[in-house]
Amino acid sequence: MISFLWESGGVSDDEAARAIEAWLRWDTNDDAGPKSFLESLGFYLSWRRLSRPLSDESARILLARARVLLDSEAALSRSLIERTIRHDTPSVKSFLVAAVAEETADLDLLQTCLERRRSLAKALPDALLSLTSARGSAAGVAAALLEDAGDLLRGYDEAAILALLACARYLRGDLPLVEVEALLGRSPAVASAARSYLEALDTAQARRLLAKRFAAERPIIGFDADLTGWLRSWERRFRAEMGRANGPEETFALLSDGDCPLGGRRPEVLVVRVWRDRAEFARYDGHSRRTRRFLSPRESADMRVLLRTSGADDLPAVRFPALDGSWCAEYLHLERSIGHRVSMYNGVGTPCHQVIVAAFHAMEARRPLALRYEIQDTMRDARPARPELRGRGLGPGEGRPRPGPGRLAPLGRSTPGQNCGASANRCGQA
């Protein structure tokens, strides 16, 4: 019956608005269930897929009620706004722009504004343009919605600059990089926001700017979606390797924490290390056990060409998080001065992302891998503490420092003339 009433136009705009408010009031109070026809109608209008969207007049009424209830019933007010702004009506557009102008928009409203920026710019261009000439964060948000920074980044309205950088970081929008680079020398808050924007933008030019400015830090650029820290632990390990005197010049890795098909439901770490004279492919099973093989010069060259021509170093993150917010894989490319990560989830992405995954798996399947433990590398790289002992064997008496003055010799190996004195007297008495 409710469905028939709604689809046949038997519910007025005011009745629809009052029904939705009644349902949300029940939902907010968490009572046993709808107790009236009005609450049942509100349930239908709030949760069912509607054959026709909520009218603009109903949206206007609901948003007006949300303003009235903001102080007395804040939870109900938020629920009314959340349900209503799902409908892209003129009243909703005006409400969103007004919230930006009044600087009352929370993060959810700002996200909605940014996602609908082209619709808002088309419907209310004059209102947004007037905001860009104002001061404060509203000017920065309005510039982001119009996708035109204008002269804002060259000015000194710090709140507006921070808002614009935050919005552009969320959108990975294009800002004049010369002007953004200049902001790195401003106040700590502005410099931090400019750096965060460049890291999120994650283009080749943005990474060059960061590498030049923060070369001593050797940053790893790219959207960081690792919630558990497991992927970051491998990043730190590979970065530490490259800092050693005999470390590789470049490192390419495909990392999976085991929550997606990339690793066959188990953690997977596939790594290519490149030195000046050789390259190695390895699969890790834990942090200390790996199977590996050396790559031929042709394989190493083909891998570089594939990654370069596929645009791997210009890829953004694949933004498909799981319901619990987890991500499970990343492609990592480290150079001496800078690194680039591409977060991925569930193996999905563009054909280029899939090319990277396929390239690592094909390299593993081409030839057998030999087992090698990390301790073997440690022993190979070990050097004697005393240079004069280098190259000497470790047979009886070899490679052991001889006791000097003031040092006791091992039992049963006393050197004549040493460790005498009072101890000798005691020996004689015995």
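## Aromatic pairs

The structure holds 4 aromatic pairs. In one of them, tryptophan 230 and tryptophan 234 meet edge-to-face, with 6.2 Å from centre to centre and 65° between the planes. These and the other values below come from a predicted model. Both tryptophans belong to helix 15, which spans residues 230-242, and their separation of 4 residues corresponds to about one turn of the helix. Their surroundings can be described separately: tryptophan 230 is partly exposed, with a relative accessible area of 24%, whereas tryptophan 234, at 1% relative accessibility, counts as buried.

A further pair is formed by tyrosine 331 and phenylalanine 360, which is edge-to-face because the ring centres lie 6.4 Å apart and the planes stand at 65°. Tyrosine 331 is placed in strand 6 (residues 329-334) and phenylalanine 360 in helix 17 (residues 351-366), so this pair ties together parts that are 29 residues apart in sequence. Tyrosine 331 and phenylalanine 360 are both buried.

## Aromatic cluster and charges over rings

Trp230 and Trp234 also take part in one aromatic cluster, which they form together with Phe238 and Tyr284.

Aromatic rings also meet charged groups in this model. The charged end of arginine 195 sits over the ring of phenylalanine 214, at 4.0 Å from the ring centre, and the charged end of arginine 278 sits over the ring of tryptophan 275, likewise at 4.0 Å from its centre.

## Salt bridges

Side chains of opposite charge can pair when their charged atoms come close, and the structure holds 31 salt bridges. One of these joins arginine 232 to glutamate 235, whose closest N and O atoms are 2.8 Å apart. Arginine 232 and glutamate 235 both lie in helix 15, where 3 residues, or about one turn of the helix, separate them, and both of these residues are buried.

Another salt bridge links glutamate 250 with arginine 304, the closest N and O atoms being 2.6 Å apart. Because glutamate 250 lies in strand 2 (residues 250-256) and arginine 304 in helix 16 (residues 297-309), the pair ties together parts that are 54 residues apart in sequence. Glutamate 250 counts as buried at 11% relative accessibility, while arginine 304 is partly exposed, with a relative accessible area of 26%.

## A strand-to-strand bridge and a charged network

Arginine 283 forms a salt bridge with glutamate 268, with 2.9 Å between the closest N and O atoms. Arginine 283 is part of strand 4 (residues 279-284) and glutamate 268 is part of strand 3 (residues 268-274), so the pair ties together parts that are 15 residues apart in sequence. Both arginine 283 and glutamate 268 are buried.

In addition, a network of salt bridges links Arg237, Glu241, Arg273, Glu280, Arg290 and Arg292.

## The protein as a whole

The pairs described above are set in a protein with 19 helices and 8 strands. Of its 430 residues, 44% count as buried, and the protein exposes about 23,600 Å², of which carbon and sulfur atoms supply 54%. When contacts between residues at least 6 apart in sequence are considered, 59% of them join residues at least 24 apart.

Conventions
Residues are numbered from 1 along each chain as its sequence is written. This is a predicted model: local features need pLDDT of at least 70, side-chain atom pairs count only at pLDDT 80 or more; totals for chains, interfaces and linings use all residues. Side-chain values use heavy atoms; hydrogens and water are left out. Rings of Phe, Tyr and Trp (its six-membered ring) pair if their centres lie within 6.5 Å; planes under 30 degrees apart count as stacked, over 60 as edge-to-face and the rest as tilted. Helices (H or I, at least four residues) and strands (E, at least two) are DSSP runs, numbered from the N terminus. Buried means under 20% relative accessible area, exposed over 50%, partly exposed in between (1.4 Å probe, protein chains only). A charge sits over a ring if NZ of Lys or CZ of Arg is within 6 Å of the ring centre and within 35 degrees of the ring normal. Contact means heavy atoms within 4.5 Å. Accessible areas come from the Shrake-Rupley method with a 1.4 Å probe; for residues, only the protein chains shown count as cover. A salt bridge is a side-chain nitrogen of Lys or Arg within 4 Å of a carboxyl oxygen of Asp or Glu.
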